[in-house]
Amino acid sequence: MSESHHHEVIVLGAGVSGIYQIKRLVDLGLDAIVLEADEDLGGTWYRNRYPGCRFDSESYTYGYSFSRELLDEWHWKERFSSQPENLRYLNFVVDKFDLRRHMRFDARVEAMRWDEDRRNWQLDLATGEVYTARFVITGIGVLSAPALPRYEGMEEFEGDAFHTYWWPKEPVPLAGRRVGVLGTGATGIQVIAEIADEVGELFVFQRRPNWSTPLGNSPISEEEMADIRSRYDEIFASCATTHGGFDHPPEQRRFWDVTPDERRALWDELYATPGFAIMARNFPDIFFDEAANREMSEYVASRIRERVRDPAVAEKLIPKDHGFATQRLPLETHYYEAYNRDNVHLVDLSETPIERFTPRGIQTTAAHYDLDLIVYATGFDAVTGAWDRIDIRGAGGVALGDKWRDGPSTWLGLMTHGFPNLLMVAGPQSVSGSTNFPRAIEGGVDWVTGFLEHVTSRGITRFEARQEAEKEWCEEVIAAQERMLLRRSRGWFTGYNANVAGHDGGRVRYLAYWGGAPRYNERIRRVADEGYPGVELR
Ligand code: NAP
């Protein structure tokens with residue numbers, strides 16, 4: 001027998017978005033609950049337990065800004081805080097505001113159906129339970145649907161094997177073992193550098209290299225934390241004015257207005273500056289102008305050559321198919337130095353592709369690699385993957401998966417036409433995928449909360465994004481992406497994924513808004529001030 005539960009608002013996901021969203025709804029006095037598929041809260045920071053997993057946003061720009069008390073109480077121990085500490089932080093927030101009692105765990109939603117007569121959503125859980133809600137808000141993440149490769153014989157491998165997203169809670173023995181890592185994105189780069197000196201032998205199976213620059217992590221002392229606390233207003237204000245939501249104000253000079261020596265001097269400084277300064281404080285031209293990007297890429301290549309002793313290995317680690325920062329830039333800690341170790345071996349799959357997995361390891365066209373452990377750092381079915389895993393049926397029974405088959409279509413990344421009373425935090429085509437995530441989600445949650453206040457205080461029981469307004473937003477999203485050099489990259493930014501059916505053909509998807517956080521925030525603020533002209537309210 002299935003049980004039925006009704007709430008005015010259901011939030012999906014108890015990650016960074018869902019935690020802040022439920023706080024705002026509880027404060028508003030709405031009857032709201034969070035349904036979380038996992039057995040506990042934290043989302044990304046609950047799941048990704050692989051060695052080396054940490055922020056690449058400065059910790060103090062990643063934390064929530066909504067409570068002065070919280071800012072005063074929490075001490076970030078490192079400039080780029082690690083996963084265990086980040087999970088502790090989220091638990092601290094939830095406990096401080098007593099939010100856990102509004103959360104239900106092990107509550108995976110498998111299907112959602114819009115009921116036009118009742119004007120509510122019916123949600124079917126994997127447990128067999130049924131929930132209904134007038135409004136649903138999704139906080140299901142942009143990188144929460146891990147994707148495995150599709151090699152013959154994978155299931156025959158007799159050693160340990162898992163995706164980094166599913167890295168076990170129990171300690172994984174590494175000492176003396178022969179470990180293979182597939183993938184050299186942000187995750188692979190973190191895990192490889194972290195385990196290189198711990199494992200027996202490490203084989204990195206690299207399909208394509210990524211550009212990567214130093215993270216520059218360091219501890220934060222009591223005194224430094226006190227200084228950060230005194231400057232929080234200034235820090236968040238600075239984040240709010242920058243394109244990517246970081247505390248790194250952009251370079252004002254144009255690339256071509258300065259000499260190559262002056263450019264080199266700036267890049268030397270930025271290469272030594274922690275975090276995303278090398279993107280955010282760089283000449284904006286490198287993102288749009290091919291020649292400017294080429295010069296920047298040559299500069300970063302020269303730094304890789306300086307750091308990797310074997311010139312042949314260095315060349316394999318330098319991307320040749322895409323320019324600097326045209327895919328998501330991973331930040332690293334001694335990543336390149338890992339290849340100077342005798343126990344670390346780069347297997348270049350572009351020269352010797354994998355033929356198949358065997359019970360003992362991996363067979364490429366050149367050799368067989370005996371392995372005890374295989375780590376899949378192969379990324380995610382990004383942005384829309386988490387949506388595709390729920391069977392969502394809107395007005396008239398239309399499936400969201402059908403509507404979004406060739407890519408998402410939204411109004412401001414907040415709603416999608418045909419799916420009434422459904423709101424998205426950090427949704428596709430917002431700035432969540434393109435900026436410092438929590439800075440973007442706070443803006444999204446605040447907007448959603450303001451909108452629900454507007455709706456519920458007026459007795460409105462149905463809302464839906466207007467088709468025309470959605471079309472206009474999609475055109476803006478496309479235009480912003482088409483201006484950038486990243487439009488041609490084959491990574492998750494453009495929806496490419498060789499491991500996901502339908503995403504492997506090279507069709508470009510418009511998953512995020514690249515016009516910058518300030519412009520986006522100004523835009524959503526304006527529609528709220530104007531009484532939500534893009535939405536039909538009934
Ligand atoms: P990713 O950037 O998509 O990288 C996946 C890697 O796996 C790529 O190197 C890819 O090669 C490789 N790969 C995929 N299929 C393969 C196959 N069949 N055989 C061999 N190699 C294969 O994924 P990710 O590294 O997990 O990062 C995803 C995003 O998560 C990041 O961009 C970032 O936004 C976020 N992240 C953030 C942090 C942080 O510091 N806060 C850390 C980790 C991740 P190709 O390039 O050839 O496709």
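A residue counts as buried when its relative accessible area is under 20%, as exposed when it is over 50%, and as partly exposed in between. Keep that in mind for this predicted model, because W256, at 46%, lands in the partly exposed group. The rest of this briefing is about aromatic rings and who sits beside them.

**Ring pairs**
- The model has a count of 44 aromatic pairs.
- Take W74 and W76: their ring centres are 5.7 Å apart and their planes meet at 70°, so this pair is edge-to-face.
- To call a pair edge-to-face, the planes have to be over 60 degrees apart.
- F255 and W256 make another edge-to-face pair, with 4.6 Å from centre to centre and 75° between the planes.
- If you're wondering why two numbers keep turning up, it's because a pair of aromatic rings is described by the distance of the centres and the angle of the planes.

**Buried or not**
- W74 has 11% relative accessibility, so it counts as buried.
- Its partner W76 is buried too, with a relative accessible area of 2%.
- F255 comes out at 0%, so F255 is buried, whereas its partner W256 is partly exposed.

**A cluster of rings**
- W74 and W76 also belong to one aromatic cluster, whose members include Y20, W45, F55 and Y62.
- Among the others in that cluster are Y64, F66, Y89, F92 and F97.

**Charges over rings**
- F255 has company besides W256: the charged end of R263 sits over the F255 ring, 4.1 Å from its centre.
- Elsewhere, R490 places its charged end over the ring of Y496, 4.1 Å from the ring centre.

Key. Residues numbered from 1 in each chain as written. Predicted model: local features only at pLDDT ≥ 70, side-chain atom pairs only at ≥ 80, totals over all residues. Heavy atoms only, no water. Phe/Tyr/Trp six-rings, centres within 6.5 Å; stacked < 30°, edge-to-face > 60°. Buried < 20%, exposed > 50% of the residue type's maximum accessible area, 1.4 Å probe, protein only. Lys NZ or Arg CZ within 6 Å of the ring centre and 35° of its normal.
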